[in-house]
Amino acid sequence: MPRFGYNDMKEKYEKLFDYYKDASSELVKPFLFEQMKKELPDENDEVDVYLLCQLLEFFSKAVRLVSEDEYLESADYLYERVVHEAFDTTCGGYYERLKSEGSVLSDKKLLKTQYMAMVALGEYACAKKISKDEEYHYTAVLNRALAQYTMITHYAIIKGTTGLYPVMNKDWSASEADGTSSGLNPDDKECVAKAFRHLYADLAFIDPKATATLNLISETASKFE
């Protein structure tokens, strides 16, 4: 897979930051600067998949808000990395960390990575619909986001509760390293609820007639609010 490296992406990020810094936009996430510097390829041998998903969401949202092809190029690159390197083809879900060349460094399933992947894929699907770029059709990308929703709700929720496991093994079983059986704290649950609401908004944008699925996602989100 071609690598265009940290500097190219950083230049685009800085351009967007300057554009939105006075707008109080959710698009502006300055804390990503230092993370990018430390963890993107060409800067470090390890890549945090959660960060890749954050960046995929960021550049995909830029396509929707700014409508410039250069941001779609970055989003396409990040999508390639997320689905072809970080996705677990055996058990589903997304790994914790990669080596910069793409091999798996940690096959743990962090809940924050799972829901961030769901959000990023939904946002990327919207970007692809807007751009009318057929390289990765937006419905196929959206199906990946919905599949991720299914995995989270099936495996990450502690049975009989509204708690979720923060850390899981490759096979989605609860990780002993997690050190807890009670799941997330209220602030973390709020993040999960927001992720489900984000997916709801993306699905409503792409396919507003999918009422059954929309209602299911909304109902799930409400359980964690």
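A contact here means heavy atoms within 4.5 Å. With that in hand, here are the close-up views of this predicted model.

**View 1. Lys129 and its neighbours in helix α5.** Lys129 is part of helix α5, which covers residues 111–131. Leaving aside residues up to four places away in sequence, Lys129 touches Tyr138, Phe205 and Ile206. Have a look at Arg64 too: 65 residues separate Arg64 from Lys129 in sequence, yet their C-alpha atoms are 9.5 Å apart in space. Is Lys129 buried, partly exposed or exposed? Its relative accessibility is 28%, and because partly exposed covers the range between under 20% (buried) and over 50% (exposed), Lys129 counts as partly exposed.

**View 2. The stacked rings of Phe59 and Tyr71.** Searching the whole structure turns up seven aromatic pairs. One of them is formed by Phe59 and Tyr71, a stacked pair with 6.4 Å from centre to centre and 25° between the planes. Phe59 belongs to helix α3 (residues 49–66) and Tyr71 to helix α4 (residues 69–86), so the pair ties together parts that are twelve residues apart in sequence. Both partners are buried: Phe59 has a relative accessibility of 0%, and Tyr71 has 1%. Phe58 joins in as well, since ring pairs link Phe58, Phe59 and Tyr71 into a cluster.

**View 3. The tilted rings of Phe87 and Tyr94.** Here the ring centres of Phe87 and Tyr94 are 5.2 Å apart and the planes meet at 55°, so the pair is tilted. Phe87 is partly exposed, at 25% relative accessible area, whereas Tyr94 is buried, at 1% relative accessibility. Phe87 has a charged partner too: the charged end of Arg144 sits over its ring, 5.6 Å from the centre.

**View 4. Lys112 over the ring of Tyr50.** This view shows another charge placed over a ring. The charged end of Lys112 sits over Tyr50, and 4.6 Å separates that end from the ring centre.

**View 5. The whole chain, for orientation.** Zooming out, the protein chain has eight helices and five strands. Their order along the sequence is α-α-β-α-α-β-β-β-α-α-β-α-α. Of its 225 residues, 51% count as buried. Among contacts between residues at least 6 apart in sequence, 62% join residues at least 24 apart. The accessible surface of the chain comes to about 10,600 Å², with 49% of it belonging to carbon and sulfur atoms.

Definitions and conventions
Residues numbered from 1 in each chain as written. Predicted model: local features only at pLDDT ≥ 70, side-chain atom pairs only at ≥ 80, totals over all residues. Heavy atoms only, no water. Helix = DSSP H or I, 4+ residues; strand = E, 2+ residues; numbered from the N terminus. Buried < 20%, exposed > 50% of the residue type's maximum accessible area, 1.4 Å probe, protein only. Phe/Tyr/Trp six-rings, centres within 6.5 Å; stacked < 30°, edge-to-face > 60°. Lys NZ or Arg CZ within 6 Å of the ring centre and 35° of its normal. Areas by Shrake-Rupley, 256 points an atom, 1.4 Å probe, with all protein chains shown as cover.
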